[in-house]
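Got the structure open in your viewer? Let's take a short walk through it, one selection at a time.

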Amino acid sequence: MSASRACALSDLTQDEAHRVEIDGVAIAVVLDGNGEVHAIGDLCTHGDISLSDGFVEGETLECWAHGSAFSLKTGRPLNLPAYEPVPVYEVVIDGDDVLIDPSVTKATA
Ligand code: FES
C-alpha cells in the first residue's frame, strides 16, 4: 500500500483534530502549534471514542471521555485510564496535500 491523500493542508485548523479515514482506517490528523502535522489512530484505546473529538494541548490529543492525553509523537497515553498506545503514522506534505499511508506506522521507541 502507498500513501494516500488524507486531506488538504489548508483544511487543517491549528490545534484542532481532523478525522480522516483511509482504507477503512480512522486517523486523527493534527496541525500543532509549531506547524507540524501529526497523524495518530483515531480510536481511544480505553473506549470506543473518536480522539479527533477531543482536545489538542501542545503535543497531545486528549480524549474527551475520561481525559487520557495521547502523545502526538509516540501515540502513548500520558495518563490513565488508557494505558495502551495508539498507532502513529508517517505524514508527507506534498504542496497542499497531506499524505498518509495507514499500513506504515512510525517506530516510536
Ligand atoms: S474512552 Fe478515552 S479515556 Fe476513556
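Start by selecting residues 4-100: over this stretch the chain is 0% helix and 44% strand. Now pick the C-alpha atoms at the two ends of that range, and you'll find them 5 Å apart. What does UniProt list for residues 4-100? The record has "domain: Rieske" there, from an unreviewed entry. Keep in mind as you click around that this is a predicted model.

Next, a hairpin. Select residues 17-22, which make up strand E2, and residues 25-31, which make up strand E3. The two run antiparallel and are paired over six bridges. If you'd like a spot to zoom in on, try Glu-21, which sits opposite Ala-26 in E3. Then look at the turn: two residues lie between E2 and E3. One to click there is Asp-23, which has a positive phi of about 50°.

Now move further along the chain to a sheet. In what order do its three strands lie? The order is E5-E6-E7, in an open sheet with antiparallel pairing. Colour strand E5 (55-57) and strand E7 (69-71) to see the edges, since each of these pairs on one side only. On average, neighbouring strands here are turned by 30° against each other, ignoring direction.

For the last stop, select residues 60-62, which is strand E6. E6 and E7 are joined by three bridges in the antiparallel sense. Show the residues along this pair and find Leu-61: which residue of E7 stands opposite Leu-61? The partner to look for is Phe-70.

Conventions:
Residues are numbered from 1 along each chain as its sequence is written. This is a predicted model: local features need pLDDT of at least 70, side-chain atom pairs count only at pLDDT 80 or more; totals for chains, interfaces and linings use all residues. Two strands pair if DSSP finds at least two bridges between them. Helices (H or I, at least four residues) and strands (E, at least two) are DSSP runs, numbered from the N terminus. Axes are lines fitted to C-alpha atoms, for helices over the stretch in contact, and angles run from 0 to 180 degrees between N-to-C directions. UniProt positions are given in the numbering used here, feature names are shortened, and annotations may be inferred rather than shown by experiment.
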